[in-house]
Amino acid sequence: AAEAISGALILAVNFLMGGSLFQFSLLLCLLCVIWLGLSRVAYGAYVKELSRSLRGLLMGPETHPVSLREAGVINELYTLLDSDLENRVLYGLDLLSKLDLERLRRALPPLFQHASARVRSRALELAAEDPSGLSLAEVERLLADGSDDVRMNASFLYCQLAPGDATGNIINLTRSENALVRSGALQCIASHSPAEDDDKVDTVIAGFLELGTPTDRLAVALAVGRRPAPTVLERHLFTLLWDPDLAVRRAALVSTGKVRRRELVPTLIERLALPDESTAAREGLTQYGERVVGTLSDHMLDPTVGEAIRGEVPAILARVGGESAVAGLVRAAALRERLVSYRALKALNKVRERVKDLPFPDRELTEQMAADADRFQQLGRQHRALAGTGESPSQKLLLRVIRERCDQTMERLFRKLGLLY
């Protein structure tokens with residue numbers, strides 16, 4: 001009925017306007033624009049109302065009656081758990097753990113087999129809060145999972161479900177013939193045992209190192225990073241950072257950043273120059289936060305430091321953020337070395353995009369833009385002077401180089417404008 005009435009109105013209005021094909025097309029276009037606009041407004045209103053309802057449910061620790069409308073919202077959230085997309089499931093778990101934890105616990109076991117390791121790990125973590133009613137077999141299958149976090153959480157949950165004492169259960173897992181099971185058990189011990197048990201954990205680690213397999217040494221490197229600092233386990237990093245196995249060295253680099261040993265910062269900076277270890281070194285240095293910004297800025301600005309190291313620093317400073325990091329990146333953006341200056345400028349754009357209200361040094365950026373503008377004019381004059389002197393291969397190559405420099409200078413100008421406005 002609604003479609004018939006709409007069609008009749010369109011034909012009536014078109015008849016009153018004269019009935020030409022042009023007028024009919026114009027009318028349809030106008031109605032389409034109105035329909036698209038209204039649909040966007042309606043969708044925006046729906047999203048705002050949904051967000052308002054969820055915030056209302058999440059505010060305050062007190063329990064209150066759930067209306068039929070709110071119950072409908074909660075039921076919609078459970079459909080997120082059926083998704084194959086990792087972020088959707090994690091979002092649903094996060095909200096439902098605050099809104100409907102009792103019912104959520106019954107929906108967790110199927111997620112133990114989800115394709116995403118992060119989903120499996122989060123589901124195990126939530127299940128460990130109240131493991132009653134869970135099947136030991138479902139958890140036992142995950143003790144040798146390919147993900148370190150999944151194995152750790154599975155070990156913790158297994159020790160609660162298995163018969164006997166939890167401490168005895170975890171010790172038995174560390175003696176398993178399966179290296180992956182041993183690794184998960186060690187991560188569990190490092191994460192959940194109290195700080196006063198450091199010496200006991202160190203004894204367990206010594207047993208792992210005696211086994212000598214790369215998987216066991218990798219387990220130790222990961223376990224050190226899971227232990228709250230300061231800890232006696234940090235001493236093992238001085239050996240693991242030079243382990244013959246690449247995976248062990250990478251894990252040790254990340255764990256070094258987590259425990260924030262100051263004397264190991266130079267080692268992490270040196271590893272930025274190694275392609276196989278640079279990603280782990282960046283992650284480790286990022287973990288230090290603002291404590292390492294000054295040292296990294298000095299290396300980035302020092303011309304005697306290799307470009308392979310200097311070129312990696314801007315990405316680290318962008319992730320750390322803050323006024324000190326911005327100050328170092330702005331200074332690096334003025335350098336003549338194109339690789340370092342360009343990466344510093346890209347890092348500044350990322351910081352600006354992430355933190356809108358962070359103050360930037362306007363005066364220094366304005367001076368740099370003035371220098372870039374002068375450089376652009378100079379290149380333009382050179383291009384015009386060479387353009388009419390001939391068509392030799394060398395002149396064509398030179399003109400091409402000048403044009404590329406002009407484009408690069410113009411890009412720097414616009415990137416810096418984006419930092420200020």
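I began with the burial of Arg 310 in this predicted model, and because its relative accessibility is 3%, under the 20% limit, I entered Arg 310 as buried. I placed Arg 310 in helix H18, and I noted that its side chain reaches the backbone oxygen of Met 300 at 2.8 Å. Setting aside residues up to four places away in sequence, I listed what Arg 310 touches: His 299, Met 300, Leu 301, Asp 302, Pro 303 and Val 305, and further along the chain Leu 335, Glu 337 and Val 340.

I then turned to Glu 312, which I found in the loop between helix H18 (307-310) and helix H19 (313-320). Glu 312 has 17% relative accessibility and therefore also counts as buried, the limit being under 20%. Its contacts, leaving aside neighbours within four places in sequence, are Leu 272, Ser 278, Arg 282 and Arg 343.

My last entry concerns a helix pair, helix H4 (residues 86-99) and helix H6 (residues 117-127), which pack with their axes 9 Å apart and at an angle of about 15°. Since angles under 35 degrees are counted as roughly parallel, I recorded H4 and H6 as roughly parallel to each other. The crossing in which H4 passes H6 is left-handed. On the H4 side I noted Glu 86, Asn 87, Val 89, Leu 90, Leu 93 and Ser 97 as making the contact, and on the H6 side Arg 118, Val 119, Arg 122 and Leu 126. Sorting this contact by class, I wrote down five nonpolar, two polar and three charged residues.

Technical notes:
Residues are numbered from 1 along each chain as its sequence is written. This is a predicted model: local features need pLDDT of at least 70, side-chain atom pairs count only at pLDDT 80 or more; totals for chains, interfaces and linings use all residues. Side-chain values use heavy atoms; hydrogens and water are left out. Helices (H or I, at least four residues) and strands (E, at least two) are DSSP runs, numbered from the N terminus. Buried means under 20% relative accessible area, exposed over 50%, partly exposed in between (1.4 Å probe, protein chains only). Contact means heavy atoms within 4.5 Å. Axes are lines fitted to C-alpha atoms, for helices over the stretch in contact, and angles run from 0 to 180 degrees between N-to-C directions. Angles under 35 degrees count as roughly parallel, over 145 as roughly antiparallel, 65 to 115 as roughly perpendicular and the rest as oblique. A crossing is left-handed if the near helix is turned anticlockwise from the far one by less than a right angle, and right-handed if clockwise. Ala, Val, Leu, Ile, Met, Phe, Trp, Tyr, Cys and Pro count as nonpolar, Asp, Glu, Lys and Arg as charged, and the others, Gly among them, as polar. A polar contact is a pair of N or O atoms within 3.5 Å; within protein, one must be able to donate a hydrogen and the other to accept it, and residues adjacent in sequence count only if both atoms are side-chain atoms.
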